[in-house]
Structures are given as C-alpha cells and as structure tokens.
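Open the model in your viewer and keep the selection tool at hand. This tour goes stop by stop.

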Amino acid sequence: MTQGQNEPVSGERRLLSRRAVLATMGALPVLTATASVLGASEAAAATAVIDPSVRRQTIRGFGGMAHAAWIGDLTAAQRDTAFGTGEGRLGFSVLRIPVGESQSDWSRDLATAKRAAELGVTVFASPWNPPASMIETFTRGSQTNAKRLRYDQYAAYAQYLNSFNAYMRDNGVNLYGISVQNEPDYAHDWTWWTPTEMVRFLRENAGSINTRVIAPESFQYLKNMSDPILNDPVALANVDIIGAHLYGTAYSNFPYPLFQQKGAGKELWMTEVYYPNSSDSADLWPQALDVGEHIHHAMVDAEFQAYVWWYIRRSYGPMREDGQISKRGAMMAHFARFVRPGYVRIGATANPASNVYVSAYRGGDTIVIVAVNKGTSAVSQQFTVANTAISGASSWLTDASRNVAPQGAVPVSNGSLTVTLLARSVTTFVTTVNGGGPSPSATPTVTPTATPTVTPTGDPGTGPRVAYTMSAWGNGFTANIAITNTGTSAINGWTLAFTLPSGQSITSGWNATYSPSSGQVSARNVDYNGTIAPGATIEIGFQATHNGNTSKPTAFTLNGVPCTVA
C-alpha cells in the first residue's frame, strides 16, 4: 500500500500498529405494562430509575471522519445516509475533516463538509502536519526523522489555521472548532508535540485563532498530555475543547476528575476512535454490541459531549463501502439519531442487570433511553422516570437480524414502562413528558457554528422561525431556542426579542448575550454565530428560575421581524 493508493499511517497501516495496543484493553421485543410472569430464559433486572433532575453534560453529537485524500470522498447519497436523521440513516451531527498541510489540499473535503453544514451538522477540523516550511526534523529515540513545528513558526502556524478556518467559512462551512494537532503523542508519521510545547503554543499563540481551539487529541486519552493544559490557567483560557482519542484506553481511565475540577466552561470531546478493532467486518455479530457498550461508557463514565468515529465509510466503520449502514453503525445510530445536539444526559441506573447498560438524555419534552443488553438471555427491565409524568413512548431495536428497526408504541403505566430487552440487542426508547405533545421523530437540531461577529445588516428574511422548548424542575428550568432563517439571504448579526412570563428570571445562558434577566429580554449573537445562512438553524439557550409559572413566551421578533413559532 502506498500513500497515493489509500492512506498513510493514519489508515490501515496505522490501524495494524494499533491492534497490539487494542489487544491490551482491558423476534419483536415484548412490551408490557407490568412485569408479571417471566419466561424461563428471561431474567428480572433491578428497576432502572431515570432522574431528570440529575443533569450532567450537554451533548454536542455523534459523528465520524471524512478524509477524501486517503479513502475517497463520500458520494452524495452517502452524505445523506451519514447525516440524515430518518429511518435508514445514521443521524450523525458531527463531522471531522483534516486540515491539509498545503492550501491546494483544502478543497478535497469541501463538498462533504458543505452538505453536512447544510444539514445542520457541526464541522471541526484537525491537522496532521503544518506546512513543510514550518517543520524541522530531530531524533526521537530510534526515529531519526521525527518532525516537529519550529518554535519561530508558532505564530505563523496559528495564522495558517486561521486561513483554513476562513477558507471554509468563505465556502459555506463555519467550523465549530479547529485542533492544534492530531495525536501529538503518536506521531511516527506526522508531527510530534510534547506537553510543554503544546502548553507554550496555547499560551502564546492560540488566543489569535478565530474559532474554538481543540487540544490535545492524545491518541489514548493520556492525561500527561491534557493535565498540563488544565493546570495552566493561561493555556486553559485559550482552549475551548479538551479533545481525546480512545485507542486502547481502559474503561477505568475514562473518568477525568481533574477536568471536572478545572474544566468549567470548557467542553470534553472524544474526537476519534474505532472499536473494538479494524480487522473485523463491522457487521460481525454480536461483536458490534461492543460499540454500544463503548459509547455508553464514553457518555456515562467519561462524560464526553461528542463521540466521533474514525472513517465514516470503511469495512470496519459505521457505513460499509457499499454505502449501507453496518451493525457497528446501527450501534451509533441508536444514540446519534435520537440524542440530538443540545440534549442533556440525565440520571439513570447505569447497570441494572449484568451485561445491561442504560443511559438517558433529555431535550425539551423528550426523554431518550438507550439500553444495551450484551447478555445471552432476555431481561425484563422496568424503567421509572422519577418525579416526571410521561405520556407515551416509542422504541427502535437492533439485534442479529434488525438494524434500528421501529417497534411502535410502548405501554406506559404510572410513569413507568416495563419491557423485555432481547438477548444481545440494543433498544432506544423515546418518551414524551406529559404536556409535551406527541412522541417526536428524530429531526435535526443544529449546534451553533463559528463565525466572527458582524454588524447587523440586511433583511433577516421573511418570517424567521423559532422553536422554544423548556425542561422544568422544582423552581428552575432550562430553555432551548432554535432560530431558523427562512429567508433567501444571510442574516448578518441578530437580536432575538421576547417577553419572559411573570416570575421567570434568567440566571445563565449560552450561545447568546441576554439582557435584562426578566421581562422583555433581548438575546444577541455572540462572536461565533453572528451569521445565519439561508435555511440554516442555530441554537441558543438559558437556565432560569420560576415561581411556579412554567409557561412559555408567546411571541418572538428577530431584528424586529415577527417570527413564526413552531
């Protein structure tokens, strides 16, 4: 294999070298309102309590990598399969692309990135090498031609990343963020960075990058790469996302107490992995269930906000070479299609029975439960939603013969549902909180993308659309607001105005600046989401208190134009 044929070490040859590392790592479902007589092969599990009052990380999404230079671009149909959210789609809401080391390479992934952006997908980028003129070679152990960025080129490199960001923006793709370096600690065929070098660049140069900065993308989530960033206030101030890869990382190393201690205001993403290996077909069953368990631990134990596969289309990936979704892809779709950007992971009994893994998420009036049963026996499982009335549920199933197959309505009784989790299966349940309307289908929700602040100009379009969802508890609530530009020209700078009902007061917010905290509120764009392209949607939100009044605002205006309320 040569670089011109497929890919360099980041592809199959790199994957082969990782197998040794990985080796060290550690019929329709029966739906009943109550659990009565169990079959001989069906075990009873402890009740899984879903607690919406326990709010953990905000989910940014699930996705994969496109790298046209190494394996060819996705076709138009494959892009829609990857990023669509309907039946037979993966539902990916995150796309990773490479930063080419030459500007002549930058257009290679543009078509896929543009289609992803059109579908509301968060796009970010990672470099493997700076331009050759910025690199010097040195001896690293037995490697005599190791590469590193020259210190006198740090500022130029930051501007190179800025130039890539501007190129993508000018071509219709607003990057959510850009990484300093892909796998700086596994760089036999690309550019090495030591932790000290990474911190130095972040301290001195990352502040000039005009989008979110991602670091360090350690290949094995090695904390010696990220601890120095978290322990350096200046470096940390210039980082927005702590990124990590999970090649060979034991589940016991997934939690990151130091990030929980010092990472306030930062995001934590898993930006690359394949699992459990690259040698087997992605349709091998029940091995593909390992992916479902891996995502569970990434969400629950590591509390990652994003989970990104390596190649989207590959024999061992979520999409086969023929463009069809694989069994491993079905595992990802159980999360990606239903747990949309902006949803929040909530409390759930994580392991109610041996080999059963449960996680739960809430977005507005929707609660999503994903249950993985790796066991060889069916399990009678009750789910109880604490202090929250649910009025309906639907389910989707993957087992040996089905891929994310819709199973219809699930009976709900007194806020609980009791189901049979088939042996070696994954089931996603989408429930509706009372008063929240019908059980939703999986539809795109868009995270904001990075665009410099601009002065408001032009017509915001005809009838901008606003969707307002809230999740209330006790005397508090969170609200998510999706703003869609339904016009034919871009909105450059925006202010959304609305009146909060009496007794409600904003305590904190994201993706907009809110003033005042109650009454007639104006939400203004921040530096990275000032432009809303025609047909595009951005999301903003806030947390607030209430005195018992949980009604919603009834009217919104965007730059003075009345909005349609969805």
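**Start at the pocket**

The lining of the largest pocket has 12 nonpolar, 17 polar and 10 charged residues. Keep in mind that this is a predicted model. The pocket holds about 900 Å³ of space.

Now select Thr-58, Arg-60, Lys-266, Glu-267 and Gln-305. Of the 39 lining residues, these are the closest to the pocket's centre.

Next, colour strand β3 (48-58), one of the elements that give two or more residues to the lining. The largest share, 4 residues, comes from β3. Add α9 (257-262), β13 (267-272) and β16 (356-363), which also give two or more. Then go further along the chain to β23 (465-473), β24 (476-484), β27 (505-510) and β31 (537-545), which do so too.

**Into the core**

Select Leu-95, Leu-202, Phe-304, Tyr-307 and Trp-310. In the largest nonpolar core, of 105 residues, these touch the most other members. Show helix α5 (residues 154-170) as well: with 7 residues, this helix gives the most to the core.

Which residues does Tyr-307 touch, leaving out those up to four places away in sequence? They are Gly-61, Phe-62, Gly-63, Met-270, Val-273, His-294, Ile-295, Ala-298, Met-299 and Met-332.

Apart from the largest core lies another, of 25 residues. To find this other core, select Val-466, Phe-477, Ala-512 and Ile-532, which are among its members.

**Zoom out**

Show the whole chain as a cartoon. There are 11 helices and 34 strands. Of the 566 residues, 59% are buried. Switch to a surface view to finish. The accessible surface comes to about 20100 Å², and 49% of it belongs to carbon and sulfur atoms.

Terms used. Residues numbered from 1 in each chain as written. Predicted model: local features only at pLDDT ≥ 70, side-chain atom pairs only at ≥ 80, totals over all residues. Heavy atoms only, no water. Core = buried A, V, L, I, M, F, W, Y, C linked by side-chain atoms within 4.5 Å. Buried < 20%, exposed > 50% of the residue type's maximum accessible area, 1.4 Å probe, protein only. Contact = heavy atoms within 4.5 Å. 1 Å grid on protein atoms, 1.4 Å probe; cavity = no way out; pocket = protein on both sides within 12 Å on 5 of 7 lines; lining within 4 Å. Points joined across faces, edges and corners; volume = space filled by probe spheres on them. Nonpolar A, V, L, I, M, F, W, Y, C, P; charged D, E, K, R; others polar. Areas by Shrake-Rupley, 256 points an atom, 1.4 Å probe, with all protein chains shown as cover.
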